[in-house]
Amino acid sequence: MMQRLYLMLREVAGSRFVSCIVLLSVVLSVFAVGLFRIAGDSLSSYIHNRFASSIPPNTIRISTRQPRTLFLFETSRPGGPVINDRVIKRIRAMEGVTEVLPVSALRIPIQARVSYLGFNYRSDILAFGVPQRLVAGELAGDRYRRLWRDPEREQVIPVLIPRAILQSYNDGMAASNNLPRISERGAVGFGFRLSMGRSSLRTLDGHRDMDAVVAGFTDQVDSFALILPLALVSEYNRKFVEKYRNEYQYAYVRVGSHAAMLRVSPAIQRMGLVVEAEKGVSQQIMKLKETVTLIIRLLQSIIVIIAVIAISFATMIAVFNRIEYYRTLRLVGASRAFLTLTILAKYLIIGFAGAWVGAGLLRYASARVTECFHLTGFMISVSLPEDAFRAFLLAGMAVPVLSAVPALVRLYVKGLSGD
Amino acid sequence: MILCVENISKRYRIAGVSKQILNGVDLSLESGQICSITGMSGCGKTTLLNIIAGITRPGGGSVHINGRKMTYALDLIASRRRNREIGFVFQTFRLLNEETVLSNVLLPARIRGRIGRETREYADEILERLKIYKFKKTKAAILSGGQKQRVAIARALVNRPNLILADEPTANLDRKTAREIFDILLDLKSAGKAVLIVTHDDYMHRQSDLVYTMEDGGLRAAP
C-alpha cells in the first residue's frame, strides 16, 4: 500500500514542466475569473451607490377609483375598495414597502379667521390630516413637530400651507387687490383662529374655536386645503360625523428600492386602487443595473469558458506527455483502476493547489490595489467572498480532473494496449 | 506446465478492412523451456505476447499460466497476474530514464505493493548476476543499450515470475551485445523459468528448445 502511495506521489512530482503548466493555467484561470467576479461586484455596488441609492425611488400615490358623475354631480360613491386601515395594513405588509402614509379629509365645517393690523379676514376652508412622518421635513422647527404629535399640549393647532396656495395668493389675489405679498419665512409662526365645526353655511353643536399657527409650507400634499395633524382630523371626524368610518382619501406609499417600486405598483393596482407613480427613473436605473449585470455575467462566462479550455488542453497535453510512462506501468502490471486513480489524484492535487494559490494571489492583489488606489465611490472588495473561494477550489479541482478523463479514455482505448 | 495457449484467434480492423491476425494458435511451454518465435513484421507475434500477458483480449481460445486460466474480463485480476507471474522484456527497453537503475528494477515490486528487505536483496542479487550492480544508483538514461536491456531483464525478474516474455529484446543491439543478452536469457532456463522470445536471430533459434514461425495467423514448427 505504501509503495502504491509512493508511486502516486511520485506521479504528482513527475513531468514537472508540464505539471507546472497545468498548475499555472489553474492559477491564472482562477485569478482571472476571480478578478472579473470582484470587478463585477464592485461595478454593481458602484451603480447601486451612485444611482440606485442616491436617487431614491419616488413615492407612490394611491387613491380610490373615480365615482360616476352626472353633469356637475357625483351619482355614486367611488367604485372599488376604499382606503381604510385594513388596506393600509395589507399594503404595509408587501415586500419592499417601507411605510404607508394615509391622508384624511376633515369632514366637518371649518373656518379660518385672520386678524392682522386691524385687518380681519374670515374664510371657509378645506383641510386634510396627514401623519407627521409625511411632512416632518417641512415643519419649521422642533416646537411644531412636537405640536403636530400633540396639539392639545399648547392648545394650538399647527397648520401647514401648501405652497400652491401661497403662490396663488401672491401672484393672483395680492397683485390684483393691492395687498402685500407674503413671504414663507415671515409667515411661519403667524397665528390665526380656526373654528372647528362652523362655517358660513353651517354650525355644528359643540363647535370649538382654537388658536392655530403656520408651522411651515409644503409641497408633499398636492392640494388647495390646509394641512393639519392626522390625529386631530380623525378626532374631530369621529366627534362630529355620524356613523363615521375611518376611511382615507388617498395615501402615499414609500418603497425601499427601485426594484420594489416596479413590483409594488402593479400589486396595488391589482387590489383595485388607482396608482400614480413616476416609474421612469426606477425603470431606467433597473435597466442600467440589469444591462451592466448582464455584460459582467457575459464577460465572466467567456473568461470561465476560456479558463476551462486552457486547463483542459494543458491537462490533456500533460496526460499524453506521460503516455509512455503509463504504458510502462501498465505493462509491468499496473491495473487501469490504479492508473486512473493515480492520474486523477495528480490533477486533483494540482487543481487544488492551483486554485488555492490563484485565490490567494487574488486576495493579496485586491488588498494591494485597494491600498494604492482610492477611487471615489468605487469600492473594491478586499476579500473574495467565502462562497466564491469555495467554488473556485471546487472548480479548480473538478476541471483538471474532468479534463483528464477524455485523455484517459483515449489512452486506454487506443494508446496503451500495444508496445 | 507453465504456459498453455489453446486455439487463440484475434481479428483486427485495419483501415476499414477486417484482418485475421491469429487463427487457432496453440502453444505449450514447460518449466525450463525456451521457445523462440520468428515471422514477418505485422504477422501477429507481439499480439500473441500481449494476449498471453493479459493486455489484449483474444477473439477466441484460452491461455493458461501456471495451470490457471487467464481472465480478461477483470482488468484488475489480469494486471495482478501479469505483475506476479509474467516478466516482460521489450525491444525498446521501456525504462524510466529519469529514474535510477534500482528504482527501475523495483518498479514491478512497487506496483505489487511490497518492497521489503528480501526484495531489495533479491534485486541486488539479480543486478549482480547481470553484471550491472555498479550502476545501481545511476540514472537509466545514461546507460548503453546493452546495459539498459540488462536492467529491463532484471526488472522482469524482480517479482520472481515463472514466465518471461521477450519481444525482440536484441533488435536495437549490436551482435556482441545481443549475444550477451541471449546468454542471460538462456541462463534463466537453469533457474526453471519458461521463456517465450520473439526474435529473428539465428543464434537464439539454435539455442531454443522450441522454434516456431508465425505464418497466416498460425504457428508452424521451424525445421
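Select chain A of this predicted model and colour it by burial: of its 419 residues, 43% are buried. With the cartoon switched on, the same chain can be followed through 13 helices and 15 strands. If you then draw the contacts within chain A, keeping those with a separation of 6 or more, you will find that 78% of them are accounted for by residues 24 or more positions apart. Turning on the surface of chain A shows an accessible area of about 22,600 Å², of which 61% belongs to carbon and sulfur atoms.

Next, hide chain A and select chain B, where 58% of the 223 residues count as buried. The cartoon of chain B contains seven helices and ten strands, and among its contacts between residues at least 6 apart in sequence, 69% join residues at least 24 apart. The surface that chain B exposes comes to about 9,900 Å², with carbon and sulfur atoms supplying 46% of it.

Finally, bring both chains back and select the cysteines. How many disulfides does a search of the whole structure find? Over all chains the search finds zero, since no pair of cysteine sulfur atoms lies within 2.5 Å. Two cysteines are worth centring in turn while you are here. Is Cys4(B) buried or exposed? Cys4(B) is buried, because its relative accessible area of 16% falls under the 20% cut-off. Moving to the other chain, Cys20(A) has a relative accessible area of 46% and is therefore classed as partly exposed, a value that lies between the limits of 20% and 50%.

Definitions and conventions
Residues numbered from 1 in each chain as written. Chains lettered and ligands numbered in written order. Predicted model: local features only at pLDDT ≥ 70, side-chain atom pairs only at ≥ 80, totals over all residues. Heavy atoms only, no water. Buried < 20%, exposed > 50% of the residue type's maximum accessible area, 1.4 Å probe, protein only. Helix = DSSP H or I, 4+ residues; strand = E, 2+ residues; numbered from the N terminus. Contact = heavy atoms within 4.5 Å. Areas by Shrake-Rupley, 256 points an atom, 1.4 Å probe, with all protein chains shown as cover.
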